[in-house]
Amino acid sequence: MGTWVRDTLTPAQPRVDLREITIMQPTITRRHLLGTSLGLAAASVLTACGSGTPGEPAPTGSAPASDGATEAAAAVTIQFWHRTFTPVENDWYTGIIKQFNEAQTAVKVVGTEVPADAWDQKMKAAQAAGKAPDVYTHPGSIQDAVTAGQLHELDSVVPAEALAEIIDAAKPVSEKDGKYYAYPLLLEPQGVLFWNKDMMEAAGLDPEKGPKTWDELFGMCEKIKPTLQKGQYCISPAQDAVTFAWSSVGQQYNFAGHTALKDDWTGAAVEDPGYEALIAVYKKLWDNDYMPKQPLAAYVEGKDFGEKKVAFKISGSWMLSEIGSDYPDLLMKTGIGALPNSPDAGDRTATTLGNFKWVIDAKAKDPQAAGDFLSWAIAGDPALLVPFFVTTQFTKVPVRDSVQKAVASDEKAAKAPWVKVITDEIAPTAIPEPSYPWDVSVAVGTAIEAGMKGASPIPAALATATKSIQTVVDREGLAAKAPK
Amino acid sequence: MTSSTAERSPSRRAGRQRHDTFRYRDGKVAYLLILPVMILLGIFVLWPAVYAGYLSFQNWSFYKDPEFVGWKNFTDVLKDPLFYATIRRGFMFVLMTVPVMLVLAFLFSSLVVSVSGRFAGVLKVSIYIPTIISTVITSIVFVLIYDYSGGLLNWVLAYFSIDPVAWIGDPAWALLAIAVPAIWLGMGLTSLIMVAAMVDIPQEFYEAAAMEGANWWQKTLYITLPQMKNIILYLLITGFVAAIQQYELPLVMTGGGPLDSTTLPNLFIFNHFRNDVNVGYSIAAALLLFVVLGTVSAVVFRILNSEKLVD
């Protein structure tokens, strides 16, 4: 609810598009998770195997050769759209386009930074007019886009060895039916708990130790509450249906051991004690005024945390890069940990692993030129990607072993204590975003908001969600689309 | 035979008279004059409407050829409880805005026509200012006013020891919270149209009524309102259509939340258009909304029959 408002009101603030992490992605197997785990572990351990020189343009490799003839013939122009993120990310995007254009002359890339909240309508309008960009960034699942024929396959335009480098954990978001349609840039946990160490200390709590369970969190909030001034709150979690829709999927798994649909996708699986318990913890945050009654900042933003209006903030791992960029004094005073667990969660995670990819439009006029740019920028020299992961404070996980090693070898990695928490403790067990339609997630998000705010009793809210989900199941014929 | 000829002859005469009426009109010039508008309407309204009708029976995603799916898009919409909820909410929003706006505009116009020329000018300019402010700017201003922890409204309420209210965060208040700026935005034009209509009412009516000893209420009830019937009908229809189609305010202020409490019909369609891979559902929903709007407009016309004023 507040995202549009906040985005509109705070144009200078870094923004992460809510929708960028809303669209769902397919199921990852245990093998994939193991792959991620090993990859991440390798990234954090192998610090002496860096390659390349950060910032230096790599040899053109698969980029078109630059010779007199092509120069004379003028470049093929490629339109590239990317979303507005934190300043450091925006700078990286601008820089990589500039470097590519300087490195060769056959292909000219024109970059357009699109405000995150305008992305969907701008893209739809461009697609309707047949003017979609050749290359653009893409979050979430590719299933629907591939089915709709929106994406150009990459196998014919990106070198096979570059595609082979994609780690297993990122394959479900880039590959469908044996063909690649997207080249991933990063993976990132979508639900992480941050805390202000100073505020914890002021309440007589151990600033280094975050809550492991919701009961511990409630206990901490009870101690923190008397120390707060007017306008300050204990915690800023998600609090609207749309944000809950995507950000709570990991927590649904944590509380219920499954997500919103039955395994065979014939109906909802939300009328369940786990889902009731999940909503109940949010209701407790709401009823006890541990959280504000209206968002102080969007879930994806760290503004409220940066301005010390809250002691705890639930957001994605990316929030730390915003803190580093906009509130540097707070960076080392920020604690980070996994989201609190349900009492019977066992070793189940409470977060999903979001992703970001680059794709080539199916109607790209020169798919090979588009593929050359993509290959050069994110599938080529790891050194080109290192600044991206370093300046975003190591809060995102590279999807190629070579890049993971290069990033881990950066000297700043050792000085970022949260790297270990994100890469070793949170990311390895995180589940992928579900691949079922967005409307299913919205139905659950609506139930959580309704139950939390007391707009309807929790069982009634879940019964409504079940009906809404059934409508989607019938409308989309989901039973036939269930993952085998 | 005779009787039938006698029966037919008046109609023939009437037909001839009608023919005579049009004899001296220059039909060709008239057609030429409306040609540009017809061409523009054809390109930007008629053809898109026909094409939308065609696409509403297809599955279409901009990347693949449309695939015929029959009535599926329409049945999907009609089976969707959220669509009905959004239409109901649209009517609720109309009820919250249009009557209030008409009453306020009427009172304001009555004030304007009763004060001196210079003061009337100041009043007219003041009331019209919101109309020229963009809806997006208005939305942002009202979001600042409604802000939970630093907003003007809650700051004022705090002086009366009233706890802050989540105006746009609480489903109970949110629709009302966006109705207020909608009224504020619509008041200007509505008031000016009413002022124009009031000025047009012959002063003799009021003089005659005054001689009979009629008071303000009686003059309003028996002269002003009946004389403004067509204008009120116009404002009712346009106000209804504008209110039920409102989407910028909820889009910017609340994004349709909390709990869909501000998802008005157009925002519902827009969200589907923005999020769905195929556009069939959005088009079918838009056409069904068109049917709803057309039906209600027709009913309003039927009830408040438009007629020529007897001067």
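Within strand 2 of chain A, Glu113(A) is the bridge partner of His82(A). This pair belongs to a predicted model, and it offers an entry into the strands of chain A. Strand 1 (residues 76–83) of chain A and strand 2 (residues 107–114) of chain A run parallel and are joined by 8 bridges. Between these two strands the chain passes through helix 4 (residues 87–103) of chain A, and the resulting β-α-β crossover is right-handed. Another pairing in this ladder sets Ile78(A) opposite Val109(A) of strand 2 of chain A.

Strand 1 of chain A also pairs with strand 3 (residues 135–139) of chain A, again in the parallel sense, over 2 bridges. Here the bridge partner of Trp81(A) is Tyr136(A), which lies in strand 3 of chain A. Strand 1 of chain A thus has pairings with strand 2 of chain A and with strand 3 of chain A.

From backbone pairing the account turns to charged side chains. Side chains of opposite charge can pair when their charged atoms come close. Over all chains, the structure holds 18 salt bridges. One of them links Lys333(A) and Asp198(A), with an N to O distance of 3.6 Å. Lys333(A) sits in the loop between helix 15 (328–331) and strand 10 (334–337) of chain A, whereas Asp198(A) belongs to helix 8 (residues 197–202) of chain A, so this salt bridge ties together parts that are 135 residues apart in sequence.

The remaining subject is the interface of the two chains. The size of an interface is often given as the accessible area lost when the parts come together. Between chain B and chain A the buried area is about 3100 Å², and carbon and sulfur atoms give 62% of that area. Chain B brings 37 residues to the contact, and chain A brings 35 residues.

Specific polar interactions can also be listed for this interface. Between chain B and chain A, 10 residue pairs are in polar contact, with both residues at pLDDT 80 or more. The interface has 1 salt bridge, and Arg475(A) forms a salt bridge with Asp80(B), in which the closest N and O atoms are 3.7 Å apart.

On the side of chain B that touches chain A, the elements giving two or more residues are helix 3 (72–78), helix 6 (135–146), helix 12 (248–253) and helix 13 (265–275) of chain B. Helix 13 of chain B provides the largest share, 5 residues. Sorted by class, this side of chain B comprises 21 nonpolar, 8 polar and 8 charged residues.

Notes: Residues are numbered from 1 along each chain as its sequence is written. Chains are lettered from A and ligands numbered from 1 in the order in which they are written. This is a predicted model: local features need pLDDT of at least 70, side-chain atom pairs count only at pLDDT 80 or more; totals for chains, interfaces and linings use all residues. Side-chain values use heavy atoms; hydrogens and water are left out. Contact means heavy atoms within 4.5 Å. Buried area is the accessible area (1.4 Å probe) that two parts lose on being put together, summed over both. A salt bridge is a side-chain nitrogen of Lys or Arg within 4 Å of a carboxyl oxygen of Asp or Glu. A polar contact is a pair of N or O atoms within 3.5 Å; within protein, one must be able to donate a hydrogen and the other to accept it, and residues adjacent in sequence count only if both atoms are side-chain atoms. Helices (H or I, at least four residues) and strands (E, at least two) are DSSP runs, numbered from the N terminus. Ala, Val, Leu, Ile, Met, Phe, Trp, Tyr, Cys and Pro count as nonpolar, Asp, Glu, Lys and Arg as charged, and the others, Gly among them, as polar. Two strands pair if DSSP finds at least two bridges between them. A crossover is right-handed if, with the strands pointing away from the viewer, the path from the first strand over the helix to the second runs clockwise.
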